[in-house]
Amino acid sequence: MIIQPKIRGFICLTAHPEGCRANVKSQIDYVRAHGPIPNDKKRVLVIGASTGFGLASRIASAFGSGAATIGVMFEKKSENGRTATSGWYNTAAVENFAHAEGIYAKSINGDAYSAEIRKQTLDLIEKDLQQIDMVIYSIASPRRTDPQSGITYKSVLKPIQNEFNSLTIDVHTGKISDVTIEPANEQEVEDTVKVMGGEDWDLWITDLLARNLLAPSALTLAYSYIGPKITEAMYRKGTIGKAKDHLENSAATITAKLLPIGGKAYVSVNKALVTQSSSAIPVIPLYITLLYKTMKDAGLHEGCIEQIDRMFRERIFTNAAVICDDVGRIRVDDWELKAEIQSAVASNWTRISTETLPMIGDLGGYRSEFHRLFGFGIDGVDYGADLEIDVKIPSIEE
Ligand code: NAD
């Protein structure tokens with residue numbers, strides 16, 4: 001099949017297996033070009049391992065320090081003439097590249113929020129690796145079924161208390177328009193915390209501990225975001241921000257549980273980046289187009305792999321203690337939040353229009369990164385080639 005991008009709103013319905021493979025390869029090459037990551041965490045579990053920050057974390061672990069990785073994700077294989085999702089193809093590529101070098105990599109595809117997938121993963125750890133040295137929790141999801149109550153919660157991306165008036169962009173046409181988002185009600189806030197807060201992260205660590213599957217001094221890490229004033233009402237002070245508050249507070253609860261084994265839980269606050277999840281958040285894509293332009297001009301732009309590689313080398317696996325801010329969070333959003341970057345973005349924000357955006361924003365960069373998420377627009381890939389879309393993930397039996 002010759003595969004073309006089929007974009008609908010903020011998703012792409014197709015993915016390109018060779019493009020995804022090339023994407024994974026370029027992330028591996030990036031990590032390798034910077035030399036080995038000195039790191040004793042050789043058995044790593046990544047929950048949400050197939051795209052975005054989780055994929056980069058798996059790649060940095062496996063190819064930066066030769067770690068055995070188990071990746072959990074929720075992706076679709078190719079069926080009825082439809083391509084698989086990009087996360088499926090990425091995972092196939094990660095496993096194939098790892099296995100070619102004799103590095104252990106297995107994956108579990110299913111709902112990580114369910115007790116069943118958690119058990120399946122823990123059984124695999126027990127059988128193959130015995131214990132885990134680092135757990136990276138990188139799920140982004142619009143819904144979660146509570147494994148105990150069976151209730152399904154949906155997250156919403158809304159402000160709290162007051163309606164939010166701002167500008168937004170259709171990234172595919174470049175058209176800027178006004179947007180008003182009504183505030184969430186209390187139930188919506190609670191539901192969003194249920195989905196994107198730290199409850200599920202805590203359940204994973206509690207179960208791993210109960211079965212003695214965490215090695216002495218095990219670390220666990222989850223990802224958060226803060227961002228600037230422009231997006232604050234929508235993001236950090238909105239429903240998703242409440243969930244991130246909960247996630248960040250969960251690090252302390254989880255650390256207390258890890259004390260007997262000398263382990264610790266961290267949250268890393270990362271930069272705003274184009275991923276499948278962030279493209280669905282109102283106002284964030286417009287902010288990202290301005291941010292990318294400013295950061296690229298300043299030579300400070302990073303993607304997921306650059307962020308995770310820097311976080312591993314310069315924040316966690318330093319020769320001394322893990323480097324945190326004054327409330328214990330790892331920060332790799334430091335370049336995004338530099339005063340000069342934010343003042344340039346804020347000043348450009350006051351000048352945004354459909355006409356000015358090509359000058360003040362990096363819409364081309366946004367679009368090409370969005371395409372890349374699905375394996376399109378990557379140098380060296382033959383997009384005219386007739387390809388097999390049914391790609392096997394070696395460790396997954398179908
Ligand atoms: P993403 O959409 O690229 O990746 C999400 C991952 O979660 C995928 O591997 C997907 O398969 C997996 N997943 C989703 N639902 C699942 C389920 N029920 N069971 C198993 N796996 C499931 O997202 P991302 O942007 O990399 O986000 C990862 C984390 O990083 C999130 O906590 C997000 O808030 C945080 N973060 C993102 C940004 C950003 O700008 N993108 C910035 C800072 C922090």
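Where in the chain is leucine 300 found? In this predicted model, leucine 300 sits in the loop between helix 9 and helix 10, the latter spanning 304–316. Being in a loop doesn't leave leucine 300 out in the open: with a relative accessible area of 16%, leucine 300 is buried, because the cut-off for that label is under 20%. Setting aside neighbours within four places in sequence, leucine 300 is in contact with Met295, Trp335, Lys338 and Ile341. As for lysine 175, 125 residues away along the chain, its C-alpha atom is separated from that of leucine 300 by 27 Å.

Helix 9 turns up again in the nonpolar interior. The largest nonpolar core has 122 residues, and Leu45, Trp201 and Phe312 touch the most other members. Helix 9, residues 284–297, gives this core its largest share, 8 residues. Leucine 45 shows what such a set of contacts looks like. Not counting residues up to four places away in sequence, leucine 45 touches Ile70, Val72, Thr121, Ile125, Ile132, Met134, Val135, Ile136, Trp204 and Leu208.

Next comes the ligand. There are 29 residues around the ligand, and Ser50, Ala112, Lys244, Thr275 and Ser277 come nearest. Sorted by class, this shell holds 12 nonpolar, 13 polar and 4 charged residues. Helix 2 (52–65) supplies at least two residues of the shell, and so does strand 11 (214–224). Some of the polar distances can be put down one by one. The side chain of serine 50 has an N or O atom 2.6 Å from an oxygen atom of the ligand. With phenylalanine 53, a polar backbone atom is the partner, 2.9 Å from an oxygen atom of the ligand. Alanine 112 also works through its backbone, where an N or O atom lies 2.8 Å from a nitrogen atom of the ligand. On its own the ligand has 840 Å² of accessible area, and the protein covers 93% of that.

Phenylalanine 53 also leads to asparagine 270, which is found in the loop between strand 12 (264–269) and helix 9. Not counting residues up to four places away in sequence, asparagine 270 touches Phe53, Tyr223, Ser224, Tyr225, Gln307, Ile308, Val332, Asp333 and Glu336. Is asparagine 270 buried or exposed? At 1% relative accessibility, asparagine 270 counts as buried. Its side chain makes a polar contact of 2.7 Å with the side chain of serine 268.

A charged residue is tucked away too. Arginine 118 lies in helix 4, residues 115–129, and its relative accessibility is 6%, so arginine 118 counts as buried. Which side chain does arginine 118 join through a polar contact of 3.0 Å? The partner is aspartate 207. Aspartate 207 also appears among the residues in contact with arginine 118 once neighbours within four places are left aside; the set is Tyr113, Pro147, Asp200, Leu203, Trp204 and Asp207. Trp204 is also one of the residues touched by leucine 45.

Threonine 192, in helix 5 (residues 186–196), has a relative accessibility of 0%, so threonine 192 counts as buried. Its side chain reaches the backbone nitrogen of valine 156 at 3.0 Å. Beyond residues up to four places away in sequence, threonine 192 touches Lys154, Ser155, Val156, Gly197, Thr239, Ile240 and Ala243. Isoleucine 341, a contact of leucine 300, is 149 residues from threonine 192 along the chain, and their C-alpha atoms are separated by 30 Å.

Two asparagines make a contrast with the buried asparagine 270. Asparagine 80 is found in the loop between strand 4 (68–73) and helix 3 (86–100). With a relative accessible area of 71%, asparagine 80 is exposed, because that label applies over 50%. Its phi is near 50 degrees, a positive value in a residue other than glycine. Asparagine 212 lies in the loop between helix 6 (199–210) and strand 11, the strand that supplies at least two residues of the ligand shell. Asparagine 212 is exposed, with a relative accessible area of 54%, and its phi is positive as well, near 55 degrees.

Conventions
Residues numbered from 1 in each chain as written. Predicted model: local features only at pLDDT ≥ 70, side-chain atom pairs only at ≥ 80, totals over all residues. Heavy atoms only, no water. Near = heavy atom within 4 Å. Polar contact = N/O pair within 3.5 Å; in protein donor to acceptor, adjacent residues only side chain to side chain. Areas by Shrake-Rupley, 256 points an atom, 1.4 Å probe, with all protein chains shown as cover. Helix = DSSP H or I, 4+ residues; strand = E, 2+ residues; numbered from the N terminus. Nonpolar A, V, L, I, M, F, W, Y, C, P; charged D, E, K, R; others polar. Core = buried A, V, L, I, M, F, W, Y, C linked by side-chain atoms within 4.5 Å. Buried < 20%, exposed > 50% of the residue type's maximum accessible area, 1.4 Å probe, protein only. Contact = heavy atoms within 4.5 Å.
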